[in-house]
Amino acid sequence: MGMVCSRKGFRLSGCSAWATGLLALAVGSVGLANARAEEPKAKSVTAELKDAIARARDRVFPALVSIVTVREYQQNGRQRLARSGGSGTIISEQGHVVTNAHVSEDGARFKVILSDKRELDAKLIGEDPLSDIAVIQIDLSKLGPDEKLPVAQFGDSSELDIGDYVMAMGAPWGMSRSMSLGVINNNDRVLANFFMDDADYEASLNSDQPTGSYYRWLQHDAAIAPGNSGGPLVNLKGEIVGVNTRGSFFGGDMGFASPSSVVQDIAAQLVTGGEVVRSHVGIKFKPIKTTGHDYGVFVNSVDEGSPADKAGIKPGDLITAVDGQSITIRYVEELPELMRNLSTRKVGSQIKIAYERDGQKTETVLTTEKYEKDRGDREELKKWGFTVQDLTPRMAHNRRLPSDEGVLVTGVDVGRPAQKAKPPLQAGDVVLAVNGVGVVDLAVLMKAYQQSTNQDPMPKYVRIDFEREAGRYVTILEPKDEEQSERPAELAKAWIGIEVQPVVKDMAKEIGIQDQEGFRVTRIYEQTKVAASDLKVGDVITALNDRPQKPRSDEDYAAFQREVKKLDIGSQAGLTVLRNGQEAKVSVELEPAKKTIAEAERLKNRDFDFEVREITFFDIANRRWKPDTKGLLVTEVEQGGWAGVGHLRLDDLLLRIDDVEIDSLKTFKQVMEQIAEKRPEKVRFLVLRDIETRFLFVETDWDSLVVK
Amino acid sequence: MQNLMLSKIVGLAASVCFVGAWTAFAADKDDFEKFREQAEARKKETINKLMKDQAPAIVTIEFIAKESIMGQEQKNEMEATGVMVSADGLVLTANSRLQGMMSMAMKMAGGMMGGMMGGMPPIQSDTENLRVVVGNETVEYEAKLVARDSDLDLAWVRIVDPKDRKYSYLDFNDAAKLEIGDSYYTISRMAKRFDRVPTVGSSTISAAIENPRPLLVGAGSFGSPVFDSNGKVAGFIITQPPEEGESEAVSLDGLMTMGNGFILPAPKLVEALKQAKDAKPTEGK
């Protein structure tokens, strides 16, 4: 065989061409045969993986739930409701569901949606912000007598390797029963930013609640999104190896799950005792990477009054051994293990600490104390116009308060008693006494509040003693019920029930009226005095009571009605119009202007947390409703309120409540008062939404309405 | 000789003329100074009279402006100048004064803001918790917003419980008439931290407009009454934002004139006041 190269490329001789072709054919056939032999293998690998995924899915999916949380939050001195969602997994036949603490946080009510789409109530059993794990329990009373809930099992996350397949299950963006596949990217991730000081990282997670300090995370790339929180990370055996807790929008799909080795233990403690008991030593550690030391762990900070403080440890000390065991923490990834080691000691344990200070070696023994709850409970004192939070020792410590006695003011409602008090209360103040009686905690404050506000009439003044910036002050506030604001009467003006558009010279020519300017009638409202007159759509009004009407510009829509307003209600207005090129005179009786949408009266219902307003002439006209349409338009719906959770929406036209037709604000008020007396479990709303009617069955929770 | 006599006569005549002119000039100058001093004295007297007789009727309205912007509620404590118009506690102010800051800014900027905020839902503004402070008293009288005329930018607030007190008030029935070129005074009250001291401003009527309605143009804080140079009430300063549906091209002139006061002459005010006196607020939110 030979090859001849020419300027035109390769050219093969005749024989060599044949031989080469045969060789190519032979090689190709062998390759093809090999490829075909590989195909079954590849297919079998794919099929195996697919089967494994399916098996794993089927073991966990039935136990996968979506969680709807109605949470209470405080804003500007008011307590409000919002709705949020997450995921969880049923881990016991008693209905315990493991999820994230940030899914259950501030939850006032919980609903769980099972895999068969049934919705059941649930209650909080316990939550641990430090690990971001919570357990809620499904109310089983609505299940069948012999019905058992499907349960998922925990696996061992310590067996996971980088590259192992995992599945994230949950409800991303509310889309329940979703699953994604990925691999473990890192099985001991600590969430620290390269550019932040490690202590800053801790502080950045919230000074009252340093979530994530004690644990490492499983980093994976199974796609997760908001809504996946609390959902399981599952291995190919169909076991829960993690609880998905964080995601990252930067750098592609990155998810972070709390490992099951942690979750299982935390969940068990929450189920048993409602809390996770930890030891507290009071040291903030720093890895030695940048300190110049070769061994040990650096003390960044010591909490005042903590066990470490009492044992004489100071910032700057280098701890070299704990209970005789040498310790070196070089990198931030190594910190969680140390902190967990210390926190899981029994409360009251004695720990021997060896440390160096200014080159001198020494030892001490510290006695651990209980790690106290980070954040206190919160309440709204509506008639006094402010919100509060119970002070925990940790909160008091973080604020350098002398003790945790008292209740923290978290917000003041503008215009309400606390803000009008002399002097006004402010967020950050600590309430110490009410009417001279000491307030040690929230329970005492709420008792004093309820006793005061339940009096009829309420006392004119309430004295509040409070602390602000180390000073002790007294203020007097005047309790008040929340006011219904009133709509002032808009002074009546004359009106003609038409809409017009300005006609300037250019347009006048185009519509065939030469240089005549005026206002072209675009609409005549039904059920008005002018509708009974001779005026027609398309007429161009050139004079009003012989006074020429000329728009100043092509946007001068309001000019005509402005002239009408100057006239008297009930008088006759003489309109000079151009119709088909001919001048005509039309007489119209002037009537009072109709109430505008802005002037419509509104009424808020606090039990169901929504507001309605009366419908106006313009609502009926613009929405092309029948003239006899009755109802009230929904103008506000609090997302987490009963009406919001019941799917009432802005702009719904409320037609009926139960069997009562809602034709006025007065009727609405009466019906809602009756409902508040009867306290039914459910209320049926009939609304008109766009062009369709809808029935909404709104569930209530009367017990949650404490006198506030 | 005759020439000499003639030149002496001319010289004497010239001297007499010169002295006469100089004397006249000196006399004019004195008169002018006297006139100026008298004008100053009159002005001072008028201002003092205004302070004494009319300022007691100028009150402060405190209120909470609640605005809902894209679902987020915002409350601000605000103040406005008002004028007592009846002895039983009816107070007049500019309707635009009783708005929240965002609503007021949107209204005043009109089409410009409308263009910028196009597609966004309108700002819902409510006025709550109204109180009237008379002069520099520490007492705040609970009040209600009872009526408004959005076209004329007027609003009336009534003290809920006047407790048989007879308030000093301005009577717009007996009013002066102002024209272009006339000087005028306004009275408003300073903020609480300055003890709500009344303050007098003065300006000149610079124009008269017919559109959108007959108004005089001058400078001054809207919500304040206007008095002529003799201290007689003549009108009330309002604002005239673009109407709904109207937009205006952005111009520096336009922005500058936002600060102008529009003076509603007293007779128009009296007509509106007749309706407002009998108005009652309706059950609302």
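**Entry 1: terms and model**

I call a residue buried at under 20% relative accessible area, exposed at over 50%, and partly exposed in between (1.4 Å probe, protein chains only). Helices (H or I, at least four residues) and strands (E, at least two) are DSSP runs, numbered from the N terminus.

I am working on a predicted model, in which local features need pLDDT of at least 70 and side-chain atom pairs count only at pLDDT 80 or more, while totals for chains, interfaces and linings use all residues. Residues are numbered from 1 along each chain as its sequence is written, chains are lettered from A and ligands numbered from 1 in the order in which they are written, and side-chain values use heavy atoms, with hydrogens and water left out.

**Entry 2: the two chains**

I looked up chain A and found 14 helices and 45 strands. Chain A has 708 residues, of which 46% are buried. I then took its contacts (heavy atoms within 4.5 Å). Of those in chain A between residues at least 6 apart in sequence, 60% join residues at least 24 apart. I noted an accessible surface of about 35700 Å² for chain A, with 49% of it belonging to carbon and sulfur atoms. Such areas come from the Shrake-Rupley method with a 1.4 Å probe; for residues, only the protein chains shown count as cover.

For chain B I noted five helices and 13 strands. Chain B has 285 residues, and 43% of them count as buried. Among its contacts between residues at least 6 apart in sequence, 65% join residues at least 24 apart. Chain B exposes about 15200 Å², and carbon and sulfur atoms supply 57% of that area.

**Entry 3: helix 14 of chain A**

I checked the span of helix 14 (residues 665-678) of chain A. Its 14 residues should span 20 Å at 1.5 Å a residue, and the end C-alpha atoms are 20 Å apart, which agrees. The expected span is 1.5 Å times one less than the number of residues.

Which residues of helix 14 of chain A are buried? I listed Leu665(A), Thr667(A), Phe668(A), Val671(A), Met672(A) and Ile675(A). Seen down the axis, these buried residues fall within an arc of 155°, so they line one face of the helix. The arc is that of the directions from the helix axis to the C-beta atoms. An α-helix has 3.6 residues a turn, so residues three or four places apart point the same way.

Lys666(A) and Glu677(A) are exposed on the other side of helix 14. The cover over its buried residues includes strand 39 (602-605), strand 41 (632-637) and strand 44 (682-689) of chain A. After the helix comes Arg679(A), with a positive phi near 55°.

**Entry 4: helix 6 of chain A**

In helix 6 (residues 335-343) of chain A, I found Leu335(A), Pro336(A), Leu338(A), Met339(A), Leu342(A) and Ser343(A) buried. They cover an arc of only 160° around the axis, which puts them on the same side of helix 6.

**Entry 5: salt bridges**

I counted a salt bridge where a side-chain nitrogen of Lys or Arg is within 4 Å of a carboxyl oxygen of Asp or Glu. Over all chains the structure holds 62 of them.

Lys493(A) forms one with Asp149(B), with the closest N and O atoms 2.6 Å apart. Lys493(A) is in the loop between strand 30 (489-490) and strand 31 (494-495) of chain A and Asp149(B) in strand 5 (residues 141-149) of chain B, so the pair joins two chains. Lys493(A) and Asp149(B) are both buried.

Within chain A, I found a salt bridge between Lys604(A) and Glu636(A), at 2.8 Å from N to O. Lys604(A) is in strand 39 and Glu636(A) in strand 41 of chain A, so this pair ties together parts 32 residues apart in sequence. Glu636(A) counts as partly exposed, at 22% relative accessibility.

Within chain B, Lys66(B) and Glu128(B) meet at 3.2 Å, N to O. Lys66(B) is in strand 1 (residues 58-69) and Glu128(B) in strand 4 (residues 124-134) of chain B, 62 residues apart. Lys66(B) is buried at 11% relative accessible area, and Glu128(B) is buried at 15%. I also found one network of salt bridges sharing partners, made of Lys420(A), Glu62(B), Glu77(B), Glu79(B), Arg131(B), Glu140(B) and Arg196(B).

**Entry 6: Ser66(A)**

I placed Ser66(A) in strand 3 (residues 64-75) of chain A. Is Ser66(A) buried or exposed? At 11% relative accessibility, Ser66(A) counts as buried. Leaving aside neighbours within four places in sequence, its contacts include Gly86(A), Lys111(A), Ile113(A) and Ser176(A). Ser66(A) and Met175(A) are 109 residues apart in sequence, with their C-alpha atoms 9.0 Å apart.
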